[in-house]
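Student: I would like to work through this structure with you, one question at a time. Please reason briefly before giving each answer.

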Amino acid sequence: AELQTPTTSVANLLGGKVAGVISMQTSGEPGQNISEFWVRGIGTFGASSGALVLIDGLEGNINSIDPADIESFSVLKDASATAVYGVRGANGVVLITTKRGQEGKLNLTVRTNFSLSHIGKVPEYLGAYDYALLANEAMEVRGENPLYRPMELAIIKNHLDPDMYPDVSWQDEVLKDTSFKQSYYVSGRGGGSLARYFLSLGGNSETAAYKFDKKSPYASNVGYNSYNFRTNLDINLTKFTTVYFGSDGHLAINNQPGTANTDHIWMAQSELNPLYLPTVYSNGMFPAAGEGSSSSPYVMINKTGKRKNETYKGKATLAINQDLSFLLDGLKIRAQGAYDVHNYFTERRYIQPALYMALERRTDGSLVMREMVKPTPASYSKTSNQYRKYHFESTLNYENIFNEDHRVSGLVYYYLSDEKYTK
């Protein structure tokens, strides 16, 4: 399958391109727009239903590899093909081989990609006056008194009181029509008869479709940045012995508002009717009917602080391939060890301003306000976790053909791993 298209995740490319693979993307938000995929559907319940992903022979994360680093990609679906992996391969196996060095002069590849994403399908909401008319019509059909009297309809129509009778299109207030994505990639490969190398470095930056106030010190535009590197080095020690050293890393940085739950933003902009809350009251107070999605999405984006999630995943591996044909024709042995490390870091700068709802106007024109959400002073918190895993595997393989008609092959496979969270 052709998987060289620049994308946030390789998993996003699998659906429709690889036979037997089902993929599903549940969000378009940067950092969350990574597809889940299954090989021939979900075959395991109550445990991991994902396929085993092997990158250069070792377990890895398909979302941490740049598509341009992939040399070959295959999916094992049948029981006979996945049997050697035991229960780890019960839901299918994805084999990915990254690019390696080639004998010859340096071959340099540079790629830059810019793209614009457009929100194409969003509901079109009515303005305040049309909403009020339909609300009255609905009440009349039910035999109840209308919600808005003729004088109130006139105020709404002519926008005479934006505090008590606002006309806010929350979609226009907090959503942009387009978001921007850019990616950069550079790689080099080459080598000689004794050693060959492949090096790559890449980066991606993706912004969300939320509008944010650049003047607010607490504003945070939701975005997702990722950086990755890879090193593959092959060395011929002798005629019968080769050594492979590989190293790769992937750093993902996800920026979010201080609330950290952008579902509330989407719910608020779609559920708040245009007459319910203004963007901000004329007395400078911020509006809300309650917490969560009952608050102003403008406040969630621009007034609640910032949150940053950083995830780093790195691997170093060393493999030795020994041809034992001098002992027995067709006999080979291979041993490979690897060390995985995952670092997770989250920092949050959070503040919650007091949020109010206007109940009525006094005779002097001032607003009668009720506090709906209590203020929380600015605070800073951080958390960090680290995970490590050791791998070791070895294969003893024999394959030979006798008298041009008889083929004999055998495989002995050994795998060992140890993993834990260290802090």
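Student: Which residue in strand 10 is the bridge partner of Leu 201?

Tutor: The model is a predicted one. Strand 9 and strand 10 pair in the antiparallel sense, over 13 bridges. Within strand 10, the residue bridged to Leu 201 is Phe 229.

Student: How many residues does the hairpin between strand 8 and strand 9 pass through?

Tutor: Strand 8 covers residues 178-191 and strand 9 covers residues 195-207; they run antiparallel and are joined by 11 bridges. One bridge pair links Lys 181 with Glu 206 of strand 9. The hairpin that connects strand 8 to strand 9 has 3 residues.

Student: Which residue of strand 11 stands opposite Asn 236?

Tutor: Strand 10 spans residues 223-236 and strand 11 spans residues 241-257. Their pairing is antiparallel and extends over 14 bridges. Opposite Asn 236, strand 11 places Thr 242.

Student: Which strands form the edges of the open sheet?

Tutor: The open sheet contains 9 strands with antiparallel pairing, ordered 7-8-9-10-11-13-14-17-18. Neighbouring strands in this sheet are turned against each other by 10° on average, direction ignored. An edge strand pairs on one side only, and this applies to strand 7 (104-118) and strand 18 (406-421).

Student: What is the volume of the largest pocket, and which residues are closest to its centre?

Tutor: The volume of the largest pocket is about 940 Å³. Its lining comprises 41 residues. Those closest to the centre are Ala 51, Val 53, Gly 60, Asn 61 and Ile 62.

Student: How many residues in the lining of the largest pocket are charged?

Tutor: Elements giving two or more residues to this lining include strand 2 (36-39), strand 3 (52-55) and strand 4 (58-59). Strand 10, strand 11, strand 13 (305-323), strand 14 (331-352) and strand 17 (376-402) also give two or more. By class, the lining has 13 nonpolar and 17 polar residues, and the number of charged residues is 11.

Student: Which helix gives the most residues to the largest nonpolar core?

Tutor: This core holds 23 residues, of which Trp 170, Tyr 210, Leu 277, Tyr 281, Tyr 298 and Leu 355 touch the most other members. The elements that give two or more residues to the core are helix 5 (170-174), helix 6 (262-271), helix 7 (297-302), strand 15 (355-361) and strand 16 (367-373). The top contribution, 4 residues, comes from helix 7.

Definitions and conventions. Residues numbered from 1 in each chain as written. Predicted model: local features only at pLDDT ≥ 70, side-chain atom pairs only at ≥ 80, totals over all residues. Heavy atoms only, no water. Pairing = 2+ DSSP bridges. Axes fitted to C-alpha atoms, helices over the stretch in contact; angles between N-to-C directions. 1 Å grid on protein atoms, 1.4 Å probe; cavity = no way out; pocket = protein on both sides within 12 Å on 5 of 7 lines; lining within 4 Å. Points joined across faces, edges and corners; volume = space filled by probe spheres on them. Nonpolar A, V, L, I, M, F, W, Y, C, P; charged D, E, K, R; others polar. Core = buried A, V, L, I, M, F, W, Y, C linked by side-chain atoms within 4.5 Å. Buried < 20%, exposed > 50% of the residue type's maximum accessible area, 1.4 Å probe, protein only.
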